[in-house]
Amino acid sequence: MITTVLFDMDGVLIDSEKFWQQAEREVFTAVGCQWSEAIAHQTTGQTTRAVTELWYRLFPWTGHSLEEVEQAVIDRVDELVRQEGEIKRGVLATLTFLQTQGIKIGLATNSTPSLIQTVLTRLDIHSFFQTTVSALDVPQGKPAPDVYLQAAKNLNSQPEHCLVVEDSFTGATAGKNAGMTVFVVPELEFYDDPKFNLADRKLFNLEEFEENFLALNYVTP
């Protein structure tokens, strides 16, 4: 029986992947990197530090530390979320449904604590979450399972009773590594990518969540 649902943030609750791409493109090209959509897609779901380190390995820059460049990306995403952030389709209905069912709700993301607060405030959904965990709160970010295991611990939930909702392969891998059930909601252009077959269920959007959750809970011992 699923008693706890743990959500990723970027790409699941908010349409923010475009903000990360814009911020990374602006900041990395400003320090001399040659922008590549293929590289950008490859890093979806990873921590900002891991993304910054990858671009530095490919295009080493001078004059700015890794920490400065990483923070510049985070600051730009924060600005874009405050200005343009929009809740994704089906999110509010899903959160409301889970709350009425008495399901525990948590957030586990590779984003920073400051961005978590910015997003939840912008979307006005802070009250739904009983715990929030950032990659900065644990030893390793996704695809390691740490953020999901910590969120479960915070809610006194066992991994086998937790459902993870993700949009990226990196995040879905983290959920599976944590021993949890995983729903994945990929970007539509990558929906048929076989790598997402590791998830227990694949959804087009969160408007499909309630039906799939009820079906899952009816057949789970």
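Helices H3 and H4 are oblique to each other, and in this predicted model they make a good place to begin the tour. Select H3 together with helix H4, residues 66–84, and you will find the two packed at an angle of about 120°, their axes 10 Å apart; this value falls outside the range of 65 to 115 degrees that counts as roughly perpendicular and is not over 145, which is why the pair is called oblique. The crossing by which H3 passes H4 is right-handed.

Next, show the side chains between these two helices. On the H3 side, display Thr48, Arg49, Thr52, Glu53 and Tyr56, which meet Leu66, Glu67, Val69, Glu70, Val73 and Ile74 of H4. Sorted by class, this contact of H3 with H4 holds five nonpolar, two polar and four charged residues.

Keep H3 (residues 48–58) on display and add helix H1 (residues 17–30), since the axes of H1 and H3 come within 12 Å and cross at roughly 40°. H1 and H3 are therefore oblique to each other, and their crossing is right-handed. To see what makes the contact, select Trp20, Glu24 and Phe28 in H1 along with Thr48, Val51, Thr52 and Trp55 in H3. The residues of this contact of H1 with H3 comprise four nonpolar, two polar and one charged. Thr48 and Thr52 of H3 deserve a second look, as they take part in the contact with H1 and also in the contact with H4.

Now turn to the aromatic rings, of which the model has 10 pairs. One of them is formed by tryptophan 35 and tryptophan 55, a stacked pair with 5.1 Å from centre to centre and 5° between the planes. This pair links distant parts of the chain, because tryptophan 35 sits in the loop between H1 and helix H2 (37–42) while tryptophan 55 belongs to helix H3, 20 residues apart.

From the helices, move to the sheet, where six strands in the order E3-E2-E1-E4-E5-E6 form an open arrangement with parallel pairing. Colour strand E3 (131–134) and strand E6 (201–202), which stand at the edges with a single partner strand each, so that one side of each has no neighbour in the sheet. Then zoom in on strand E1 (residues 4–7) and strand E2 (residues 104–109), which pair in the parallel sense over four bridges; here threonine 4 stands opposite lysine 104 in E2.

As a last stop, select helix H6 (residues 113–123), which lies across E2 and E3 and runs at about 135° to E3.

Methods:
Residues numbered from 1 in each chain as written. Predicted model: local features only at pLDDT ≥ 70, side-chain atom pairs only at ≥ 80, totals over all residues. Heavy atoms only, no water. Axes fitted to C-alpha atoms, helices over the stretch in contact; angles between N-to-C directions. Parallel < 35°, antiparallel > 145°, perpendicular 65-115°, else oblique. Left-handed = near helix turned anticlockwise from the far one by under 90°. Contact = heavy atoms within 4.5 Å. Nonpolar A, V, L, I, M, F, W, Y, C, P; charged D, E, K, R; others polar. Pairing = 2+ DSSP bridges. Phe/Tyr/Trp six-rings, centres within 6.5 Å; stacked < 30°, edge-to-face > 60°.
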